[in-house]
Amino acid sequence: MKLTLSVIKADIGGFVGHSSVHKEVVEKVREVAEDGKDRGIIRDVSILVCGDDIALVMTHTKGVDSSDVHELAWNAFKEGTEVSKKMKMYGAGQDLLADAFSGNVKGMGPGVAEMEFEERKSEPVVIFFADKTAPSAWNLPLYEIFADPMNTAGLVIDPSMHEGFIFDVMDVYTGMGIRLKAPEELYDLLVFIGATSRYVIRAVYRKSDEEIAASASTQRLSLMAGRYVGKDDPVLIVRAQSGFPAVGEILEPFARPWLVEGWMRGSHTGPLMPVSFKNAKPTRFDGPPRVIAAGYQITDGYLIGPSDLFDDPAFDEARRQCNNMADILRRQGIFEPHRLPPEEMEYTTLPKVLEKLKDRFKLVEAKK
Ligand code: F6R
Ligand code: MG
Ligand code: MG
């Protein structure tokens, strides 16, 4: 029987400001989600928190886009929002853009990553969850995990991965998608996924049997709401071992920090810092952006875990490098390239400031 793994996340209020979530809010969300187990909607649930976001990790047999499962998550977030509002948490209910549930949480604010598979003899998965960044933050690590033999030795050594992987890429502005194969279309793939402000990887499949290997949340809240409502703080599911990359190959890109968009006011470039669960609290300049890695063994549809995979001194050096990168970028203050380019600032609160000044512009040099 096929099992579905659904990860649905939202920011329903921050404690303090946008830095973390109050435990009473988390407990309400957990209570409603656990009730879904008793009602037979889901098999199991585990709750993760990263910064001001809560994720429901759920297993069930209803397939992806199940309205029952999405409704359960919606109700958990709705009831959590009530607690959040009562406690006057910051931005209570911020990601719930609609008043009532209508079939699927996609397009209603929460982020969703889902996949359906036949549970293997042993089914290890890694769930990444980031705060203060956007779904395109996964482009670089997904490329390294599934297409770069310098990162993933298994692409060279393991015959079941040797044929490569298929990347499902989407243009977030048009919703158009394209599937590209690695290694043979690597350079074409990089044309798109290197342009992180526009293209995101939705999923990755093993080429030999088209088995799902990874699935990411790809919604952009600002594009949905037409105004700035926080960054999208994405989730990513990656299956590990026996024909998929090893857990260590999946975590390896995070040992070498890179820059992502997000951070303060969703308007800055910053390093993505891999942290343990307890350090998933972005405070310096509302950041730097954080990512946690939660490992699970899925056993008969039950979630054994999470194991806090970045709670490892082997990632201390990456964290130190992130702090150095943060210092260098903060020196730029409000100047680009620390601040994002104008096209990205269109989706922040900046246009309201520009509006007031637009009539003061006079032609001073004719355009040829
Ligand atoms: C970024 C984020 C924060 C806020 C900032 C201002 O994703 O959530 O950096 O943008 O704290 O928040 P407001 O405008 O709510 O005062
Ligand atoms: Mg928030
Ligand atoms: Mg957040």
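These notebook entries record what I looked up in a predicted model of a protein chain with bound magnesium ions.

**Entry 1. Conventions**

I number residues from 1 along each chain as its sequence is written, with chains lettered from A and ligands numbered from 1 in the order in which they are written. Because the model is predicted, local features need pLDDT of at least 70 and side-chain atom pairs count only at pLDDT 80 or more, while totals for chains, interfaces and linings use all residues; side-chain values use heavy atoms, with hydrogens and water left out.

**Entry 2. Domains**

I began with the domain assignment, which gives domain 1 (1–117) and domain 2 (119–352); such bounds come from an automatic or database assignment. The C-alpha centres of domain 1 and domain 2 lie 21 Å apart. To their contact (heavy atoms within 4.5 Å), domain 1 gives 35 residues and domain 2 gives 43 residues. I then looked up the buried area, which is the accessible area (1.4 Å probe) that two parts lose on being put together, summed over both. Between domain 1 and domain 2 about 2900 Å² is buried, 69% of it on carbon and sulfur atoms. Cys50, Met115 and Phe117 lose the most area on the domain 1 side, together 21% of what that side buries.

**Entry 3. The four-stranded sheet**

I took helices (H or I, at least four residues) and strands (E, at least two) as DSSP runs numbered from the N terminus, and I counted two strands as paired if DSSP finds at least two bridges between them. Four strands make an open sheet with antiparallel pairing, in the order β2-β3-β1-β4. Which strands stand at the edges? They are β2 (44–50) and β4 (111–118); each has a single partner strand, so one side of each is left without a neighbour in the sheet. On average, neighbouring strands of this sheet are turned by 15 degrees against each other, direction ignored. For angles, axes are lines fitted to C-alpha atoms, for helices over the stretch in contact, and the values run from 0 to 180 degrees between N-to-C directions.

I followed β1 (residues 2–10) to its antiparallel partner β4 and found eight bridges. Leucine 3 stands opposite phenylalanine 117 in β4.

Two helices lie across these strands. Helix α1 (residues 23–38) crosses β2 and β3 (53–60), at about 160 degrees to β2. Helix α2 (residues 67–86) lies across β1, β3 and β4, at about 150 degrees to β3.

**Entry 4. The magnesium ions**

I accepted as donors N, O and S atoms within 2.8 Å of the metal (3.2 Å for Na, K and Ca); water is not among the atoms, so sites may look incomplete. Asp11 (OD), His18 (ND1) and Asp52 (OD) coordinate the magnesium ion (ligand 2) at 2.0 to 2.3 Å. Histidine 18 sits in the loop between β1 and α1 and aspartate 52 in the loop between β2 and β3, so this pair ties together parts that are 34 residues apart in sequence.

The magnesium ion (ligand 3) is held by Asp52 (OD), Asp53 (OD), Asp131 (OD) and Asp233 (OD), at 2.0 to 2.1 Å. Aspartate 131 belongs to strand β5 (residues 123–131) and aspartate 233 to the loop between α6 (221–225) and β10 (235–239), 102 residues apart.

Which residue coordinates both ions? Aspartate 52 does, and the ions are 4.7 Å apart.

I checked whether these donors are buried (under 20% relative accessible area), exposed (over 50%) or partly exposed (in between), with a 1.4 Å probe and protein chains only. Aspartate 52 is buried at 2%, whereas histidine 18 is partly exposed at 27%. Aspartate 131 and aspartate 233 are both buried.

**Entry 5. Two hairpins**

I noted six bridges between β6 (residues 165–171) and β7 (residues 177–182), an antiparallel pair. Isoleucine 166 stands opposite lysine 181 in β7. Five residues lie between the strands of this hairpin, and glycine 175 has a positive phi near 80 degrees.

Strands β11 (residues 259–262) and β12 are also antiparallel, over four bridges. Five residues separate them in their hairpin, where tryptophan 263 in the turn has a positive phi of about 50 degrees. Both faces of β12 (residues 268–271) are covered: His268 and Gly270 are buried on one side, Thr269 and Pro271 on the other.

**Entry 6. Aspartate 65**

I closed with aspartate 65, in the loop between β3 and α2. Aspartate 65 is partly exposed at 36% relative accessibility. Leaving out residues up to four places away in sequence, aspartate 65 touches His70, Asn104, Lys106 and Glu114.
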